[in-house]
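Here is a friendly walk through one protein model, written for someone who likes to check geometry by eye. Keep the viewer open as you read.

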Amino acid sequence: MTTAPEKRIRKVAGRPLASFSVLRSYANLLFRPRSIPAIFAYLRTVVCNFFMLQFLVKWGIKKIPVVRVDHPLDQTIPFLPHKVGIYLHFINFWIEPLSMLICHYGAHKAMRFCAEWLRAITRAYDEAARMYRFRMSTMTRPAYHKGQFLTIHLLDPHLLCVPSLHIAIVVLCFSFYRHFFEREQFSEAEKQQWNAELYAGAVAIAESVLYVKQHSVNCVPAALYMVSRLFPDLFTPIDAVAFIDALFQQPEGMSGEQARTVREHILDMYERFLLEGTLDDDWRAPVQRWIVAYGRENQSGT
């Protein structure tokens, strides 16, 4: 356990995570020796395994089959453009806790923990990319190019749907800090406040990816399954079931019955991956079998 100065603990006590400046994280992560290897490994995988990989396929330079993963249930979820701000908060969502750690411990001590998180998120990106290189996936997006959606459509060719990195990272984030706060013996008040904030934020972002039509209901369970296989000490199947149950408890533009049906579909797919992958060493195996079969069904029109 690394002890933080009492003065620093009092200074950050009670502050919401959103109040911590993300600029503090950028300034420290990019220039502190302890974090430089981890931040550059993360940036490398984002550039190579997210942006470049998609564009190489879009431009026809790289050949990877692309499967449409739309599901009829997607039509029951309304397109809500005003949710785009929550969707785009995805990056700051995991950077704000890093800024909190810098304020809590001081920059030098915090960098070890920041690097630990960066290694975890980099692993998630790298593992998702292994799936993307097997099959890319896409779904129908509304032809809506106003405001922030214009940037989204320009920078995201929308070929990396299964598994959803938005879902995987927000789930990994609250799970990582829940474990971290216990390990580093944060106070009960700190744990209760920040765990609740992270969980609520993860649920809101997970819902937003469906409300803004960046992902299908078919993209969510694969992401939850990936995290539960890669980080079993942080995120268990019980955690996955609880997270699914938390989705759309106060749905907008859809009935409670429609929301329940969406949750049931996500849960059924997650449990299918979990059961079918029991004997597989590679977490991708059940997802690969599903996406190949789903692509074949869509091509045949069945």
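## Leu-224 and the nonpolar core

Let us start with one leucine and its surroundings. Setting aside residues up to four places away in sequence, Leu-224 touches Ile-167, Val-171, Phe-235, Phe-243, Ile-244, Ile-266 and Tyr-270. As you follow these contacts, please keep in mind that this is a predicted model.

Leu-224 also has a place in a wider network. The largest nonpolar core has 108 residues, and those touching the most other members are Trp-94, Leu-101, Trp-117, Tyr-177 and Leu-224. Helix 6, which runs over residues 107-134, gives this core its largest share, with 15 residues. As background, nonpolar side chains in soluble globular proteins tend to be buried together.

## Ile-244, a partner of Leu-224

One of the contacts of Leu-224 is Ile-244, a residue of helix 11 (residues 237-246). Is Ile-244 buried or exposed? Its relative accessibility is 2%, and because the cut-off for buried is under 20%, Ile-244 counts as buried.

Beyond the residues up to four places away in sequence, Ile-244 touches Leu-224, Arg-263, Ile-266, Leu-267 and Tyr-270. Ile-266 and Tyr-270 are also among the contacts of Leu-224. For a sense of scale, the C-alpha atoms of Ile-244 and Arg-24 are 33 Å apart in space, with the two positions 220 residues apart in sequence numbering.

## Around Asn-28

Now to Arg-24 itself, by way of Asn-28. Asn-28 sits in helix 2 (residues 22-29), and a polar atom of its side chain lies 2.8 Å from the backbone oxygen of Arg-24. With a relative accessible area of 11%, Asn-28 is buried.

What does Asn-28 contact, once its neighbours within four places in sequence are left aside? The list is Ser-35, Ile-102, Ala-107 and Met-111. Ser-35 belongs to the loop between helix 2 and helix 3, and at 0% relative accessibility Ser-35 counts as buried. With the neighbours within four places again left aside, Ser-35 is in contact with Asn-28, Leu-29 and Met-111. Met-111 therefore appears in the contact lists of Asn-28 and Ser-35, two residues that are buried.

## The largest pocket

The largest pocket holds about 790 Å³ of space. Its lining is made of 32 residues, and Phe-50, Phe-51, Phe-90, Ile-91 and Tyr-125 are the closest to the pocket centre.

Which helix gives the most to this lining? Helix 3 does, with seven residues. At least two lining residues each come from helix 2, helix 3 (36-58), helix 4 (84-88), helix 5 (90-105), helix 7 (148-155) and helix 8 (165-183). By residue class, the lining divides into 22 nonpolar, nine polar and one charged.

## Backbone details in the loops

A few backbone angles deserve a look. Val-162 and Pro-163 are joined by a cis peptide bond, with omega at about 0°. Pro-163 is located in the loop between helix 7 and helix 8.

Two residues other than glycine have a positive phi: Gln-185, at about 55°, and Phe-248, near 55°. Gln-185 lies in the loop between helix 8 and helix 9, whereas Phe-248 is placed in the loop between helix 11 and helix 12 (256-276). Their surroundings contrast: Gln-185 is exposed, with a relative accessible area of 58%, while Phe-248 counts as buried at 2% relative accessibility.

## Two more positions to visit

Pro-81 is in the loop between strand 1 (66-68) and helix 4. At 24% relative accessibility, Pro-81 counts as partly exposed. Apart from residues up to four places away in sequence, Pro-81 touches Tyr-144 and Phe-149. Pro-81 and Tyr-144 are 63 residues apart in sequence, yet their C-alpha atoms are 8.7 Å apart in space.

Gln-192 is part of helix 9 (residues 188-211) and counts as exposed, at 57% relative accessibility. From Gln-192 to Lys-213 is 21 residues in sequence and 32 Å in space, C-alpha to C-alpha.

Key. Residues are numbered from 1 along each chain as its sequence is written. This is a predicted model: local features need pLDDT of at least 70, side-chain atom pairs count only at pLDDT 80 or more; totals for chains, interfaces and linings use all residues. Side-chain values use heavy atoms; hydrogens and water are left out. Helices (H or I, at least four residues) and strands (E, at least two) are DSSP runs, numbered from the N terminus. Buried means under 20% relative accessible area, exposed over 50%, partly exposed in between (1.4 Å probe, protein chains only). A polar contact is a pair of N or O atoms within 3.5 Å; within protein, one must be able to donate a hydrogen and the other to accept it, and residues adjacent in sequence count only if both atoms are side-chain atoms. Contact means heavy atoms within 4.5 Å. A nonpolar core is a set of buried Ala, Val, Leu, Ile, Met, Phe, Trp, Tyr and Cys residues joined through side-chain atoms within 4.5 Å. On a 1 Å grid over the protein atoms alone, a cavity is a set of points where a 1.4 Å probe fits but cannot get out, and a pocket is an open set with protein on both sides within 12 Å along at least five of seven lines; lining residues have an atom within 4 Å of a point. Grid points are joined across faces, edges and corners, and a volume is the space filled by probe spheres set on the points. Ala, Val, Leu, Ile, Met, Phe, Trp, Tyr, Cys and Pro count as nonpolar, Asp, Glu, Lys and Arg as charged, and the others, Gly among them, as polar.
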